[in-house]
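Biologist: I should like to go through the assignments in this model one by one. Please set each value against the rule behind it.

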Amino acid sequence: RFITTIYRDGQEVFALYNLTEKKVDYITFQPRLERIFDFNWSHDGRQIACSGLLRGTVDIFRFTPGSNSFAQVTDDLYDDFSPVWSQDDQRIYYASTRPNDSIAEEDTPYDLYENHFDVYELSMEDKSLRQITFSPVIDEFPEFMQSSFELLFRTDESGLFNLQKLN
């Protein structure tokens, strides 16, 4: 299967191409996403994690093709991008502008012009959140899982984006 995003009837949708049947299925979402930024297949091929714009914020969503199960995974005022599944598909790593790993609604000051991205780990089982990188002025984004013990992420720590490995 191959997947991409396209605009169809004024809405951004997933276009899922079945290579064996040479057929395209168009997948729309409810709630309707204003924009889909990036997405990642789970390793077992059963789920897709994506970052999407909904009501002015970018959050992480989980989609199960075939069942049309669609769930919002994060829902806050911080921007969440670049979801990547763990090797066992039990966690999603993503980049966020959130200041810490608290999921609770807080009166945390939010400065639109001083938002830097750190990497977070979200458990699909208990919805717990853990901050992985702690870089107040550096942007970092997860890339992919080499194995169950390696997380690669892009960082601009040196001024240019490079891949680093976090064990």
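Biologist: What makes the contact of K23 and D25 a salt bridge?

Modeller: A salt bridge requires a side-chain nitrogen of Lys or Arg within 4 Å of a carboxyl oxygen of Asp or Glu. The side chains of K23 and D25 meet at 3.9 Å, N to O, and the pair therefore satisfies the rule. By this rule the count comes to seven salt bridges.

Biologist: On what basis do such values rest?

Modeller: This is a predicted model, in which local features need pLDDT of at least 70 and side-chain atom pairs count only at pLDDT 80 or more, while totals for chains, interfaces and linings use all residues. Side-chain values use heavy atoms, with hydrogens and water left out, and residues are numbered from 1 along each chain as its sequence is written.

Biologist: Why is K23 called partly exposed?

Modeller: Buried means under 20% relative accessible area, exposed means over 50%, and partly exposed lies in between (1.4 Å probe, protein chains only). K23 has 40% relative accessibility, so K23 counts as partly exposed. D25, at 35%, also counts as partly exposed.

Biologist: Which parts does the salt bridge of R98 and D76 tie together?

Modeller: The side chains of R98 and D76 meet at 2.4 Å, N to O. R98 lies in the loop between strand 9 (91–96) and strand 10 (118–123), and D76 in the loop between strand 7 and strand 8 (80–85), so the pair ties together parts that are 22 residues apart in sequence. Strands here are DSSP runs of E with at least two residues, numbered from the N terminus. R98 is buried at 6% relative accessibility, and D76 is buried at 17%.

Biologist: Which residues are linked with R130 in a network of salt bridges?

Modeller: The network links D88, R91, E121 and R130. Within it, the side chains of R130 and E121 meet at 3.1 Å, N to O. R130 is partly exposed at 43%, whereas E121 counts as buried at 11%.

Biologist: How do you know that S123 is buried?

Modeller: S123 has 13% relative accessibility and therefore counts as buried. This residue is found in strand 10. Not counting residues up to four places away in sequence, S123 touches Q90, R91 and S128, where contact means heavy atoms within 4.5 Å.

Biologist: What makes strand 5 and strand 6 a pair?

Modeller: Two strands pair if DSSP finds at least two bridges between them. Seven bridges join strand 5 to strand 6, which run antiparallel, so the requirement is met. One bridge partner in strand 6 is V58, opposite L53. The hairpin of these strands has two residues between them, and R55 takes a positive phi near 55°. Strand 6 also pairs with strand 7 (residues 69–72), in the antiparallel sense over four bridges; there, A71 is the bridge partner of R62.

Biologist: How do you know that strand 6 is mostly covered?

Modeller: Six of its eight residues are buried.

Biologist: Which residues have the most contacts inside the largest nonpolar core?

Modeller: They are F14, F29 and L33, in a core of 13 residues. Strand 2 (11–18), strand 5 (48–54) and strand 6 (57–64) each give two or more residues to this core, and strand 5 gives the most, with three. A nonpolar core is a set of buried Ala, Val, Leu, Ile, Met, Phe, Trp, Tyr and Cys residues joined through side-chain atoms within 4.5 Å. A second, separate core of nine residues includes A49, Y94, M124 and L129.
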